[in-house]
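Me: I would like to go through one helix and one sheet of this model with you, step by step. Please give the reasoning before each result.

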Amino acid sequence: MSINTQRAPHIAEVLTEALPYIQRFSGKTLVIKYGGNAMVDEDLKNSFARDVVLMKAVGLNPIIVHGGGPQIGELLERIGKESQFVAGMRVTDSETMDIVEMVLGGQVNKSIVSLINNHGGRAVGLTGKDGALIHAEQLKITSDNTDDPALKVTEVIDLGHVGKVKSIDTSVVDMLVKSDFIPVIAPIGVGENGESYNINADLVAGKIAEVLQAEKLILLTNTAGLLDRDGELLTGLNAHQVNDLIKCGVIYGGMLPKITCALDAVQAGVTSAHIIDGRVQHAVLLEMFTDQGVGTLIRGGL
């Protein structure tokens, strides 16, 4: 079947626009945090898998770090265990941690691997415990007890098996990338005594990107990116501009941790970080291989 001649110029334009980016990023590493709508909508799941396979085929080295909060919550609800959150983080006792490992390291991770492989890729699933990839320690947060303003007592809140990244050993990831595989990583870390920790996937993606000195850190979200007070997309920002936006209150709430993660990455040597709309089909390709992109780009430097 011959190509539609009316569409041919547009197809050629897309390909020629993508070429310099393919050439520039060939051989480079990009770390993608995969979550939100992109991970539950069937069309978006398939378009993401095709994007990852295409990037690998043209010489890039994508590394996927995924979340799975809604899936964890669903299984906990099914077994009658109530989820408790403090400062947006799920309190994770030993029983809950078992569920987290089952869902993230099993169900979610394997489904992403299968999807990529079904579209012609060669993906391998890991948790941060494999090859001691993610060394973790317990995350401790404090809260001021203001019931009696005169006392101002500060309490340490025990979140259980909620962790933070202590260090990253990328040996197993390096081995997979050199063998032409696509690593798919569940954000579960291992403590010094072998205990498991549930870690925020954005933070894991950022730390892995930092250690690998990746070309790009890409965070998929359920928003168009960072918006100004008028709802217009902001992009091409540097660290100084981002800090100014934080100070004046444009960046706040749920966007603040993602922006902080992106900022930390570029200040630690990652060339650029991107916060993009995972609700857009082929969002990663559009951000990587087009002049305009589809999200917020943050570069290092002032």
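**A helix and an open sheet**

Me: Which residue, with a positive phi, follows H2?
Reply: This is a predicted model, so the backbone angle is a computed value. After helix H2, which covers residues 42-57, there comes a residue whose phi is positive, near 105°, and that residue is Gly59.

Me: Which residue caps the N-terminal end of H2?
Reply: The cap rests on a side-chain oxygen that lies 3.1 Å from the backbone nitrogen of Asp43. The residue that supplies this oxygen is Asp41.

Me: How far does H2 reach from its first C-alpha to its last?
Reply: Helix H2 has 16 residues, and at 1.5 Å a residue a span of 22 Å is expected. The computed reach is close to that expectation, at 23 Å.

Me: What is the order of the strands in the open sheet?
Reply: The sheet has 7 strands with mixed pairing. Its edge strands, each pairing on one side only, are S5 (123-127) and S15 (295-299). From one strand to the next the twist averages 20°. The full order is S5-S10-S2-S1-S13-S14-S15.

Me: Which residue in S15 stands opposite His274?
Reply: Strand S14 (residues 272-277) pairs with S15 in the antiparallel sense, over 5 bridges. Opposite His274 stands, in S15, Leu297.

Me: What angle does the direction of H6 make with that of S1?
Reply: Helix H6 (residues 201-212) packs on the sheet, where it touches S1, S2, S10 and S13. Taken against the direction of S1, the direction of H6 makes an angle of about 175°.

How values were computed
Residues are numbered from 1 along each chain as its sequence is written. This is a predicted model: local features need pLDDT of at least 70, side-chain atom pairs count only at pLDDT 80 or more; totals for chains, interfaces and linings use all residues. Side-chain values use heavy atoms; hydrogens and water are left out. Helices (H or I, at least four residues) and strands (E, at least two) are DSSP runs, numbered from the N terminus. The expected span of a helix is 1.5 Å times one less than its number of residues. A polar contact is a pair of N or O atoms within 3.5 Å; within protein, one must be able to donate a hydrogen and the other to accept it, and residues adjacent in sequence count only if both atoms are side-chain atoms. Two strands pair if DSSP finds at least two bridges between them. Axes are lines fitted to C-alpha atoms, for helices over the stretch in contact, and angles run from 0 to 180 degrees between N-to-C directions. Contact means heavy atoms within 4.5 Å.
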